[in-house]
Amino acid sequence: MREQTSGQFDLLTAATEPDQNEDRNASVLLVEGFAPAAQRIVQVLSKDGDKVEVCESLGRAQELATSNRFDLIITNIQVGGEDGLRLCSHLRSQEETRQTPILLIVEEFDMPRLIKGLDIGASDYLMKPIDPNELLARVRIQIRRRRYQDRLRANYERSLSLALTDSLTGLYNRRYAMRHMEGLMERVKESGKALSVLVCDLDHFKNVNDTYGHAAGDEVLKQFAQRATASMRNFDMVARTGGEEFVCLLPDTDGQSALKVAERLCRRVAETPMKVDGAPNGELTVTVSIGLAATSRVMSGEELLKVADAALYRAKQSGRNRVMA
Ligand code: GH3
Ligand code: MG
Ligand code: MG
Ligand code: MG
């Protein structure tokens, strides 16, 4: 919980406090067929700290732009005999370069094509003859905007993953599992195939913490998460839904098949000790109890979990280290 809060705090600070040199040291691709003109631009930008790669054909530019990550692409609207606007549309159509700012180099008589270029997705333009100060100003604006957007996106993705995953094990959390289950119920409705749910709770886990410490307990949780994930198919989902409680969602799986999966997991946990620093010989044997519920009738996720929880309760009551349906 504490981590989530600090994650959101980071989101605010990181999004509003740019690095002082945010618009500097950019990597720039310059597409210009006329070498002396390219040379002048390279000189100005390099002197200001940017790294500029020059190429003289659209084909090469496309290759470079997809295999590298440039902060900015500057292209003449006419590259040799080729139409620079074709490069623009290509860059905008590719996932890797969709967000990369593009500056068009134009001459006055290019005005109609410049307008088309801006329409296709060019970010700004430079009119020949290019004034060095104007070049720098326009480049810096694009770099700053680009990096600001990158920062926003990274923070957004980070806060999304904080909200949906558990930082200790890397598994999805309860919130995500419940949401995922709604989707799986839709699938039950459409296909009529069963959905199975396992609720796994480590046995006497409090003893692990009390005897070997919280760090050892954390290690056990991580290794259980790995084993549970490894015991499932790719499209099954394992989530950590509580302290030492995990839920596995098995779509298109009837109770009988799910029982086999659950028993195999239960056995694997009990039979192979976990590697835990601080335990005798560095090994610790733990066990897990599992409650199973399956349905081919549409119900709420909460309802299905309740059935599995009741089965888990019986597994605990009847001696732990077992699966009950
Ligand atoms: P039972 O077999 O009945 O499930 O017994 P138990 O000891 O596993 O269950 P109980 O609910 O009494 O204790 C669960 C323990 O899990 C208590 C808590 O300290 C521990 N725990 C919960 N979250 C974490 C965690 O993130 N890390 C560690 N190391 N321990 C945790
Ligand atoms: Mg528990
Ligand atoms: Mg427990
Ligand atoms: Mg308990």
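Okay, let's start at Cys248. Leaving out anything up to four places away in sequence, Cys248 touches Leu198, Cys200, Ala228, Met232, Asp236, Met237 and Val238. Bear in mind that this is a predicted model.

So where does Cys248 sit in the bigger picture? The largest nonpolar core has 46 residues, and Cys248 is among those touching the most other members, along with Val197, Leu198, Ile290, Leu292 and Ala308. Quite a list of elements feeds that core with at least two residues each. On the helix side you've got H7 (174–191), H9, H10 (255–271) and H11 (301–317). On the strand side there's S9, S10 (237–242), S11 (245–250) and S14 (288–295).

Apart from that core, there's another one, with 30 residues. Val31, Leu87, Leu114 and Ile143 are among its members.

Now, the sheet I'd like you to look at next. Which strands form it, and in what order? Go S2-S1-S3-S6-S7: five strands, an open sheet, parallel pairing. The edges are S2 (51–55) and S7 (124–127), each pairing on one side only. From one strand to the next, the twist averages 20 degrees.

Zoom in on S1, residues 27–31, and S3, residues 72–76: these two pair in the parallel sense over four bridges. If you want one pair to click on, take Val28, whose bridge partner in S3 is Leu72. Then there's helix H4, residues 84–93, packing on this sheet and touching S1, S3 and S6 (102–106). The direction of H4 makes about 155 degrees with that of S3.

On to the ligand. How many residues surround ligand 1? There are 16, and the closest are Asp203, Phe205, Lys206, Gly217 and Gly243. Three elements give two or more residues to that shell: strand S9 (195–202), helix H8 (205–212) and helix H9 (214–231). H9 gives the largest share, four residues. You'll remember S9 and H9 from the largest core, where each supplies at least two residues. By class, the shell has seven charged, five polar and four nonpolar residues.

Last, the overall numbers. The protein has eleven helices and 15 strands. Of its 325 residues, 32% are buried. And if you take contacts with a separation of 6 or more, 67% of them are between residues 24 or more positions apart.

That's my tour.

Technical notes. Residues are numbered from 1 along each chain as its sequence is written. Chains are lettered from A and ligands numbered from 1 in the order in which they are written. This is a predicted model: local features need pLDDT of at least 70, side-chain atom pairs count only at pLDDT 80 or more; totals for chains, interfaces and linings use all residues. A residue is near a molecule or strand if its C-beta atom, placed from the backbone, lies within 6 Å of it. Ala, Val, Leu, Ile, Met, Phe, Trp, Tyr, Cys and Pro count as nonpolar, Asp, Glu, Lys and Arg as charged, and the others, Gly among them, as polar. A residue is buried if 20 or more other C-beta atoms lie within 10 Å of its own, exposed if 12 or fewer, and partly exposed in between; C-beta atoms are placed from the backbone. Two residues are in contact if their C-beta atoms, placed from the backbone, lie within 7 Å. Two strands pair if DSSP finds at least two bridges between them. Axes are lines fitted to C-alpha atoms, for helices over the stretch in contact, and angles run from 0 to 180 degrees between N-to-C directions. A nonpolar core is a set of buried Ala, Val, Leu, Ile, Met, Phe, Trp, Tyr and Cys residues joined through C-beta atoms within 7 Å.
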